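User: I should like to learn how to read the features of a structural model. Could you take me through one step by step?

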Amino acid sequence: MGVPQFTSKRFLVSRSIMLIILVLLGTVTAYSPGYTVVLLSSILMYIVLTVGWVIFSGPTGYISLAPAAFFGVGIYTSAILGKALLLPIVVAIGGLASFCLALLVGALTLRLRGIYFAIFTFGLVELIKHFLLFWELHVTGTRGRFVMVVDYNTIYYFMLIIFLLLLLTAHLIKHSRYGLALESIGQNEDAAAHTGINVTMVKVVSFAISAFFMGTAGAIMATKWTYIDPYIAFNPLFSFMPVLMAIFGGMGQLYGPIIGAAIFTYLEEFLITRLPELYMLIFGIILVVAILYLPDGLVGLIQKIWRGISGRKHANP
Amino acid sequence: MIVTILDVVIAGLLLGGIYALIAVGLSLQYGVARVLNISHGEFIMLGSFATWMLYTVLGINPLVSVAMCGPLVFLIGFFLHKTLYRSLLNSSNSLDVFEGRSLLASFGLLFIIQNLAILTWGGDIKGYSYLAFGVNLGGAIFSANRLVTLLFAVAIGAAFYLFLARTRLGKAIRAASQDPAAAGLMGVNINHVLALCFGLGTLMACFAGGLLSMCYPIKATMGLEYTIIAIIVVVLGGLGSIPGSFIGGFILGLIGSIVTYKEPSLALVSYYVIFILLLLAKPTGILGK
């Protein structure tokens, strides 16, 4: 049978495609216009949020609506510390702050399952936002903050490094005992606990790891906006978008969320400039259609079509 | 001092009546149909705008137009469940999966309805004045429309409770909420009952929206705020419990009124703090199963 040869050929092809993409992404600032670099930064930002979301919510099935909270914590870290410290340190602290918040939230919400977890995480974003609004109004007497400006090439390279680190982490988690443990929690949490998995630890740690990457993305992207306030930083859209992109792309494979995020970010840029008043309407329609007709996302659909084509080939030689 | 306390308590009850009414529909939708309908607030918004349009364009009494729009919104909700949520339910292999997917689908509905409303009516604040004269209650002055709203909220809630407790259809709904499979075996048409509950939920939202529009300014993006309050009230009273929604609504109204009296900007923060503490301490709520 030629199966091993086939896999190794496929392996080589996929690795060389990945290498070419990597080289292209690494050198893009040298030859493309500024707009492309800015667009790629936004795409990478949404990919980081989406893949970060999928690390925890994909296998376990817990719908977290907290990405906006972790992203916002990163943004505020950058706004507060940005002028005092070096950029890499600020980004790392942004990630660590989100990591700690996720550890705390994760430890508190262990008892909540299913729909309660989704409600709680949504409430968390609103709580932080309104608390910050109150704090700024009554304690510091300010409204919002200015963030130091960084040129777009630097933002892009930071996002690229975060993206690569996240991919590596996601890959390692998926192909390790942790990944299997997460899968089994998603299938049956009680059974997973009975087989000796430390359910609590696995859930909290993977939740915190996903939050770390969202926090770093927030810390670097904050510099793009120059001015932020609680409404911008803790916009619930940053919670909904990753969920939508992951569902649209399909969560079975790691590249599903990446494709979903890339398509959606491009669509967002396109619609916001051409049809701003229809943008959210189309967003809602795609969300409903994707949930109804694409249970395995775009990648699942393509695989299904592909199987249909190759299956027909076998049927009629 | 006594007058101030009375003032705060009555204001809290008035607020609580509205909160209870917006929560009842959501509680029914989740308790029986298992849909945590994030677009609930959008139906409140639709009720408000329909009432506002009928009053400002045709001069129809808001209380009459609330009753006129109700059946229409009920049908929207009914067919929404028959089409969207029914096919989600059929294609989900467990109730947990259905709950997650229906939650996300209702997020989609939220964006669709909200943006259609913005396209139709624009994004600015609207309002009208109806029954806006003051009534003296033991030294404190309240506007008449708030009192009418409270009366109607209590009357609608009581009528609804009687419907569930006394009628045959109400019995079918309660049976479906306890065990859909067993209720189906006992001859309850489950598909019909679930769609009916969803429709009744949107009907309640429409009533609440119409009454709200008499007291507060309205805008096309107001929905989510009320949805969040409804979720907090429903979790406070116990998901799926109708009396729980009323108790939760009045408790939250009183807390809101007290906090607003001390420090208005903390009212929303206090709601979230209560909500999060409650989820941590007793997620099933006061009257939860």
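Analyst: The following dialogue goes from whole chains to helices, the chain contact and single residues. The model is a predicted one.

User: What helices and strands are there in chain A, and how compact is chain A?

Analyst: One begins with an inventory of the elements and then turns to overall dimensions. Chain A holds 14 helices and two strands. Its radius of gyration is 21 Å, close to the 20 Å that the globule rule gives for 317 residues, so chain A is as compact as a globular protein of that length. The C-alpha trace of chain A spans about 75 × 55 × 40 Å along its principal axes. Of the 317 residues in chain A, 43% count as buried. Among contacts in chain A with a separation of 6 or more, 79% are accounted for by residues 24 or more positions apart.

User: What does the corresponding description of chain B give?

Analyst: Chain B has eleven helices and two strands, and along the sequence these follow the pattern α-α-α-α-β-β-α-α-α-α-α-α-α. A compact globule of 289 residues would have a radius of gyration near 19 Å; chain B has 19 Å, which agrees. The principal axes of its C-alpha trace give spans of about 60 × 45 × 35 Å. Buried residues make up 51% of the 289 residues in chain B. In chain B, residues 24 or more positions apart account for 78% of the contacts with a separation of 6 or more.

User: How many residues does each chain bring to the contact between chains A and B?

Analyst: One counts the residues on each side, then asks which elements supply them. Chain B contributes 33 residues and chain A contributes 32 residues. On the side of chain B that touches chain A, helix 3 (62–91), helix 4 (95–121), helix 9 (223–237) and helix 11 (267–281) of chain B each supply at least two residues. Helix 4 of chain B gives the largest share of that side, 15 residues. By class, the side of chain B that touches chain A has 24 nonpolar, six polar and three charged residues.

User: What span should helix 4 of chain B have, and what follows helix 4 of chain B?

Analyst: The end-to-end distance of a helix is set against the expected rise. At 1.5 Å a residue, the 27 residues of helix 4 of chain B should span 39 Å; the end C-alpha atoms are 38 Å apart, which agrees. Just after helix 4 of chain B, B:Gly122 takes a positive phi of about 80°.

User: Which residues of helix 6 of chain A are buried?

Analyst: Span and burial may be read together. Helix 6 (residues 152–174) of chain A has 23 residues and reaches 32 Å from its first C-alpha to its last, close to the 33 Å expected at 1.5 Å a residue. Its buried residues are A:Ile155, A:Tyr156, A:Phe158, A:Met159, A:Ile162, A:Phe163, A:Leu166, A:Ala170 and A:Ile173. Helix 3 of chain A is mostly covered, with 13 of its 15 residues buried. For helix 3 (residues 67–81) of chain A, the 15 residues should span 21 Å at 1.5 Å a residue, and the end C-alpha atoms are 21 Å apart, which agrees.

User: At what angle do helix 2 and helix 9 of chain A pack?

Analyst: Two packed helices are described by the angle between their axes and the distance between the axes. Helix 2 (residues 34–60) of chain A and helix 9 (residues 199–225) of chain A pack at about 170°, with their axes 9 Å apart. Helix 2 and helix 9 of chain A are therefore roughly antiparallel to each other. Their contact includes A:Leu49, A:Trp53 and A:Phe56 of helix 2 of chain A and A:Phe207, A:Phe213 and A:Met214 of helix 9 of chain A. By class, this contact of helix 2 with helix 9 of chain A has twelve nonpolar, four polar and one charged residues.

User: Where does A:Thr226 lie, and is A:Thr226 buried or exposed?

Analyst: Backbone angle, location and neighbour count are read in turn. A:Thr226 lies in the loop between helix 9 and strand 2 (227–228) of chain A. A:Thr226 has a positive phi of about 60° although it is not a glycine. With 12 C-beta neighbours inside 10 Å, A:Thr226 counts as exposed.

User: Where does B:Arg34 lie, and is B:Arg34 buried or exposed?

Analyst: B:Arg34 lies in the loop between helix 1 (2–31) and helix 2 (40–58) of chain B. Its phi is near 60°, a positive value in a residue other than glycine. B:Arg34 counts as buried, with 21 C-beta neighbours inside 10 Å.

Notes
Residues are numbered from 1 along each chain as its sequence is written. Chains are lettered from A and ligands numbered from 1 in the order in which they are written. This is a predicted model: local features need pLDDT of at least 70, side-chain atom pairs count only at pLDDT 80 or more; totals for chains, interfaces and linings use all residues. Two residues are in contact if their C-beta atoms, placed from the backbone, lie within 7 Å. Helices (H or I, at least four residues) and strands (E, at least two) are DSSP runs, numbered from the N terminus. Ala, Val, Leu, Ile, Met, Phe, Trp, Tyr, Cys and Pro count as nonpolar, Asp, Glu, Lys and Arg as charged, and the others, Gly among them, as polar. The expected span of a helix is 1.5 Å times one less than its number of residues. A residue is buried if 20 or more other C-beta atoms lie within 10 Å of its own, exposed if 12 or fewer, and partly exposed in between; C-beta atoms are placed from the backbone. The radius of gyration is taken over C-alpha atoms; the globule rule is 2.2 Å times the number of residues to the power 0.38. Axes are lines fitted to C-alpha atoms, for helices over the stretch in contact, and angles run from 0 to 180 degrees between N-to-C directions. Angles under 35 degrees count as roughly parallel, over 145 as roughly antiparallel, 65 to 115 as roughly perpendicular and the rest as oblique.
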